[in-house]
Each structure stands twice: as C-alpha cells, then as structure tokens.
Amino acid sequence: MKIVDAKVFVCSPGRNFVTLKITTEDGITGLGDATLNGRELSVVSYLEDHLIPCLIGRDARNIEDIWQYFYRGAYWRRGPVTMTAIGAIDTALWDIKAKALGVPLYQLLGGASRQGVMVYGHASGADLDEAVANVRDYAAKGYRAIRVQSGIPGLDSTYGVGRGKYFYEPADRALPPENIWSTRKYLNFAPKLFEAVREAVGEDVHLLHDVHHRLTPIEAARLGRDLEPFNLFWLEDAVQCELQAGFEIIRQHTTTPLAVGEVFNSIYDCQELLSKQLIDYIRMTVSHGGGITQLRKIAALADVYHVRTGCHGATDMSPVCIAACLHFGMWVPNFGVQEFMLHSEETREIFGAQYTFSDGYVHPGDSPGLGVEFDESSVEKHPYVPAYLPVNRKEDGTMWNW
Ligand code: KDG
Ligand code: MG
C-alpha cells in the first residue's frame, strides 16, 4: 500500500489549523493535525521540505517503521516542531489503516474500554460571579467535569479566561498582547473562587483548574494545600515544567492531584515525573506528542506509576487531533479525562467530525478511521493569518510565564 501523495493545508476559520492529508495508491486517505499554535508555518515547512519527500513511496501499513524512520533517522530528535510533524504523519497512517480494515480507530487500538470518553468543559468568567454562573451552566448541560478560570480582582486581563461563553482563547490577529500578572493577587483569590463554585454546584462535579505555569514550586504547594477542601480533580501546569524536580516540593505539601504535559513532545519529557510518581495526570496530546504511536507508549509507562491520561484538547488543536484523542481515550486502560471545547461553526464546516456529546461523555463514532471528513474546497476561503496568544509580565514589567 504505497503512499503516493501527501499534502499540507493551512486554513484559518477563526484560528489557524495545519492539516496533513496522505493518499495511498489504492486511493485511501488519512488525516493528521499538524497545528502548533503561533508557530504554524514552521511545521508546514518541516513537513513539506523535509519529511514528505522521504515519505512518498513508503508502505503506509508500516506505521511503526515510518515513525522510527523519522525519529531515529534524523540527527535532530524531539522538539515541538519535529514531533508535531511526525505526529501528523503517524495519525494519518493510523487513520488509513483503520479505514483499510473498515473499523473505527479505537477498535484497532484494542477496542472499547468504556462506553464513552468523559470530557471536561471550560467555564470561565471575567469575575467570580460570572465564573460561578458559567460553571452552573456547564453542569446543567450535563458536564461531569468542568475547568474553572476567572479574572482576578485588580488585574485587567488574564490568559485562560474566555472571551465569549463557549469559545475561549482566540489567538489575537496581531503581535502578542501583553498581560499583567500578580502571584499575590492570584493566590489570595483562587481559594475564594473554588469555595464559591463548590457551594454552587455541590460535591459531585469534578472541578479542574489551570495555572498556566505561573507559580514557583513553593507557591504551587501553598495553592494545592489551600484548594484541598474543594477536592479538585486536578491542578494543571502549576509550575514551569523544565525543572521536574520542582514537583517534589509540591508533592511534599499537598494531596491535590497534579496534571502536566501539554507542552511536552517526547516520552523523555515525562519519564522522571512518571517514574517518581510526581504527577497524577499526563496531558500530552496526539498531535504534539508524536502521534498515537508514541502516546500509547507513554500511556503504558504512565500506567505502571498509577498516572492517568488527560489529553490536551483546546481549540487550537483541530477536530482531527480531538477525534484521535477520543479514539485513544475509548481504548486506553488508564484513561483519566479528555479536554473538550466547541470549535467555531466555520471550523466544524471544514472538519466534518463524527464525535458526539451526551451526558458528559463524548463518543468518537463508528465510521472507519478517525471519522473526520476534511473539506479541502473550503480552505481557500479561510487563508492563514499570523496570530499569537498573549505574553505575561509581572506588575513591574518583568517577563513571566503563562
Ligand atoms: O496553545 C496553547 C493553548 O492550547 C493552551 O494555553 C490551552 O492551557 C491550555 C489548556 O489547558 O487547554
Ligand atoms: Mg493548560
């Protein structure tokens, strides 16, 4: 089953998406998401200039060998650009194989381990009252798990807080805007937010929170401890994750479960966190984590250490990546939760995805492959636009994490 064509499409139906389509000699096509928010064109070049010329003519059935060829074969390993490009090829090849065998992808991975994939929605608000109202709204819609973010009193704008009720974090179509951050204001406010949310929705709903890497380990330890009464499902990206030993400090002080990994791209990025049992959920996703081939190895390693999956699934991953995560989540034994947000209507028109939400769970559908139909003819209507997420500075102007 020779690969005869591989094309990269860039479109911007509200956000930029990079999509790889691979075609075999039998006319079977497979899709991969190659979107790397704010650095999209670097992956386009990596695919078009370096990988696709080496891909044409290979046997699409040899998914593992092709993964190893691109990973081991290049002198330069790892990194978000490389691994997103490899991930897109890998996902497209799994899509092709499942279509060739006439089964939904989760069947090929090992079959269904559950009836549906529990997802978490994003409830946020400009202030505490609006955030609480939106959490109630998500609970009423049937979400069993809800991520809660809120504007912080005294700070003008904070990344992670939605603009619009369901579609948050649109990248700005200009150079990156600058937000101002205060750890003191945040740490004083966050427990009040979760106290109000618990009071509003009770104990049954899982609550999650994303810190976007903004604390130091001892600050994160304090936050984890202060949030213990509100029984979080997870506290995400509490600190920047380059210094993995930092997590030991957090662990010494709190039983709040920790999630990390949306910016990881290699199994070596999480090996220490997993083997030392420093986290509870691994956030790596199919597109940035080197595809399904690497993610299933990471999940197997995580399982040994009681760590469960929680794939990144914000709206800067296209429906192709979300579908792949949902198939993965149907099968993976140590599944935790899947992030899930509504894509814009224009995005849903271009990427006809089969997955459906019901009662807090999403099912990927049962058509062969990923279950995503990509409408190439609409791509031209939505050309690429340079766009960036904000950067973060402390109140005195010092550059900070987000
Ligand atoms: O591109 C970055 C976003 O996907 C990210 O900031 C969203 O942190 C995020 C999340 O958990 O969804
Ligand atoms: Mg996050």
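Let's start at an exposed spot: His306 has a relative accessible area of 64%, which is over the 50% cut-off, so His306 counts as exposed. Please keep in mind that this is a predicted model. The tour below goes from unusual backbone angles to the magnesium site, ligand 1, a buried serine and two open sheets.

**Positive phi angles**

- Most residues other than glycine have a negative phi.
- His306 departs from that pattern, with a positive phi near 60°.
- The loop that holds His306 runs between helix H10 (291–304) and strand S11 (308–309).
- Asp359 also has a positive phi, near 55°, and is not a glycine either.
- Asp359 belongs to the loop between strand S14 (356–358) and strand S15 (361–363).
- With a relative accessible area of 48%, Asp359 is classed as partly exposed.

**The magnesium ion (ligand 2)**

- Which residues supply the protein donors of the magnesium ion? They are Asp210 (OD), Glu236 (OE) and Glu262 (OE), at 2.0 to 2.1 Å from the ion.
- The spacing of these donor residues along the sequence reads D-x25-E-x25-E.
- Asp210 sits in strand S7 (residues 206–210), while Glu262 is in the loop between strand S9 (258–260) and helix H9 (271–275), so this pair ties together parts that lie 52 residues apart in sequence.
- Both Asp210 and Glu262 are buried.

**Ligand 1**

- Ligand 1 is surrounded by 16 residues, and the closest are Tyr159, Glu236, Glu262, Asp316 and Glu339.
- Glu236 and Glu262 therefore appear on two lists, as donors of the magnesium ion and among the closest residues to ligand 1, given that "near" here means a heavy atom within 4 Å.
- For Asp316, a side-chain N or O atom is 2.4 Å from an oxygen atom of ligand 1.
- Glu339 places a polar side-chain atom 2.4 Å from an oxygen atom of ligand 1.
- His212 has a polar side-chain atom at 3.5 Å from an oxygen atom of ligand 1.

**Ser266, a buried loop residue**

- Ser266 is found in the loop between S9 and H9, and that loop also carries the magnesium donor Glu262.
- Is Ser266 buried or exposed? Its relative accessible area is 0%, so Ser266 is buried.
- The Ser266 side chain comes to 2.9 Å from the backbone nitrogen of Tyr268.
- Leaving aside residues up to four places away in sequence, Ser266 touches Arg78, Met284, Gln294 and Ile298.

**The antiparallel sheet S1-S2-S3**

- Strands of a sheet pair through backbone hydrogen bonds, either parallel or antiparallel.
- In this open sheet, 3 strands follow the order S1-S2-S3 with antiparallel pairing.
- Strand S1 (3–11) and strand S3 (29–33) are the edge strands, each pairing on one side only.
- On average, neighbouring strands are turned by 20° against each other, direction ignored.
- Helix H3 (residues 80–101) packs on the sheet and touches S1, S2 and S3, with its direction at about 150° to that of S3.
- S1 pairs with strand S2 (residues 17–24) over 8 bridges, and in S2 the bridge partner of Ile3 is Thr24.

**The mixed sheet S6-S17-S18**

- Here too 3 strands form an open sheet, in the order S6-S17-S18, and the pairing is mixed.
- Its edge strands are S6 and strand S18 (399–400), each of which pairs on one side only.
- S6 (residues 178–181) and strand S17 (residues 391–394) run parallel and are joined by 4 bridges.
- Across these strands, Glu178 stands opposite Val391, and the bridge partner of Trp181 is Lys394.
- In a regular strand the side chains alternate between the two faces of the sheet.
- S6 shows this alternation: Asn179 and Trp181 point to one face and are buried, whereas Glu178 and Ile180 point to the other and are not buried.

**His50 and a long separation**

- His50 is part of helix H1 (residues 40–55).
- At a relative accessible area of 47%, His50 is partly exposed.
- From C-alpha to C-alpha, His50 and Val362 are 36 Å apart in space, and 312 residues separate them in sequence.

Definitions and conventions: Residues are numbered from 1 along each chain as its sequence is written. Chains are lettered from A and ligands numbered from 1 in the order in which they are written. This is a predicted model: local features need pLDDT of at least 70, side-chain atom pairs count only at pLDDT 80 or more; totals for chains, interfaces and linings use all residues. Side-chain values use heavy atoms; hydrogens and water are left out. Two strands pair if DSSP finds at least two bridges between them. Helices (H or I, at least four residues) and strands (E, at least two) are DSSP runs, numbered from the N terminus. Axes are lines fitted to C-alpha atoms, for helices over the stretch in contact, and angles run from 0 to 180 degrees between N-to-C directions. Contact means heavy atoms within 4.5 Å. Donors are N, O and S atoms within 2.8 Å of the metal (3.2 Å for Na, K and Ca); water is not among the atoms, so sites may look incomplete. Buried means under 20% relative accessible area, exposed over 50%, partly exposed in between (1.4 Å probe, protein chains only). A polar contact is a pair of N or O atoms within 3.5 Å; within protein, one must be able to donate a hydrogen and the other to accept it, and residues adjacent in sequence count only if both atoms are side-chain atoms.
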